[in-house]
Amino acid sequence: MGRAWGVPLDRGAGAGYALPMIVIAAFLIGAAIGWMRAAKAGGSHADKLQYAAAHALALTVLGLFLTILLSRMG
């Protein structure tokens, strides 16, 4: 029997896909936070993109660690 993200594959169609969504949500939230911070500081479009990318990367890494932690605990 195969396993995906620490959950047996025979436990339902969506059971193994809940944890990777943390990484996607962290990426989107990080990008939004970075964009808003640059906009609030009066940055140009390039500044907004750079802030969005940096924040998205940082929160994605944190989301990945959280995903690994939760999959190891369960």
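This briefing walks through the fold, the two helices and a handful of residues where those helices meet. The model is a predicted one. Its protein chain holds two helices and two strands, arranged along the sequence as β-β-α-α. Helix H1 covers residues 20-40, and helix H2 covers 45-73. Each helps to cover the other: H2 is among what covers the buried residues of H1, and H1 is among what covers those of H2.

**The chain as a whole**

- Of the 74 residues in the protein chain, 23% count as buried.
- The accessible surface of the chain comes to about 5300 Å², and carbon and sulfur atoms account for 70% of that area.
- Taking contacts between residues at least 6 apart in sequence, 47% join residues at least 24 apart.

**Helix H1**

- H1 has 21 residues and reaches 31 Å from its first C-alpha to its last, close to the 30 Å expected at 1.5 Å a residue.
- Which residues of H1 are buried? They are Pro20, Ala26, Gly30, Ala31, Gly34 and Ala38.
- Seen down the helix axis, the buried residues of H1 fall within an arc of 130 degrees, so they line one face of the helix.
- Leu28, Met36 and Lys40 sit on the other side of H1, where they are exposed.
- Just after H1 comes glycine 42, which takes a positive phi of about 80 degrees.

**Helix H2**

- The 29 residues of H2 should span 42 Å at 1.5 Å a residue, and the end C-alpha atoms of the helix are indeed 42 Å apart.
- The buried residues of H2 are Ala52, His55, Ala56, Thr60, Gly63 and Thr67.
- For the cover over these buried residues, look to H1, which is part of it.

**Where the helices meet, seen from H2**

- Leucine 59 lies in helix H2 and is partly exposed, with a relative accessible area of 27%.
- Not counting residues up to four places away in sequence, leucine 59 touches Ala26, Ile29, Gly30 and Ile33. Two of these partners, Ala26 and Gly30, are listed among the buried residues of H1.
- How far apart in space are leucine 59 and phenylalanine 27, C-alpha to C-alpha? The distance is 6.1 Å, although the two are 32 residues apart in sequence.
- Threonine 60 also has its place in helix H2. Its relative accessibility is 19%, and threonine 60 therefore counts as buried, the cut-off being under 20%.
- Leaving aside neighbours within four places in sequence, threonine 60 is in contact with Val23, Ala26 and Phe27.
- Ala26 thus appears in both contact lists, that of leucine 59 and that of threonine 60.

**Where the helices meet, seen from H1**

- Isoleucine 22 is found in helix H1. Is it buried, partly exposed or exposed? At 22% relative accessibility, isoleucine 22 counts as partly exposed.
- Beyond its neighbours within four places in sequence, isoleucine 22 is in contact with Gly63, Leu66, Thr67 and Leu70. Of these partners, Gly63 and Thr67 are named among the buried residues of H2.
- The C-alpha atoms of isoleucine 22 and leucine 64 are separated by 7.6 Å, with their positions 42 residues apart along the chain.
- Isoleucine 24 has its place in helix H1 as well, and is partly exposed, with a relative accessible area of 45%.
- Isoleucine 24 and leucine 64 are 40 residues apart along the chain, and their C-alpha atoms are separated by 9.4 Å.

**A nonpolar patch on the surface**

- Leu57, Val61, Leu64, Phe65 and Ile68 make a nonpolar surface patch of about 480 Å².
- One of its members, valine 61, lies in helix H2 and counts as partly exposed at 38% relative accessibility.
- Leu64 is another member of the patch, and you have met this residue already, as the one whose C-alpha is 7.6 Å from that of isoleucine 22.

How values were computed
Residues are numbered from 1 along each chain as its sequence is written. This is a predicted model: local features need pLDDT of at least 70, side-chain atom pairs count only at pLDDT 80 or more; totals for chains, interfaces and linings use all residues. Side-chain values use heavy atoms; hydrogens and water are left out. Helices (H or I, at least four residues) and strands (E, at least two) are DSSP runs, numbered from the N terminus. The expected span of a helix is 1.5 Å times one less than its number of residues. Buried means under 20% relative accessible area, exposed over 50%, partly exposed in between (1.4 Å probe, protein chains only). The arc is that of the directions from the helix axis to the C-beta atoms. Contact means heavy atoms within 4.5 Å. Accessible areas come from the Shrake-Rupley method with a 1.4 Å probe; for residues, only the protein chains shown count as cover. Patches are made of residues with over 30% relative accessible area and no salt bridge: like charges are joined within 9 Å, nonpolar side chains (Val, Leu, Ile, Met, Phe, Trp, Tyr) within 5 Å. A salt bridge is a side-chain nitrogen of Lys or Arg within 4 Å of a carboxyl oxygen of Asp or Glu.
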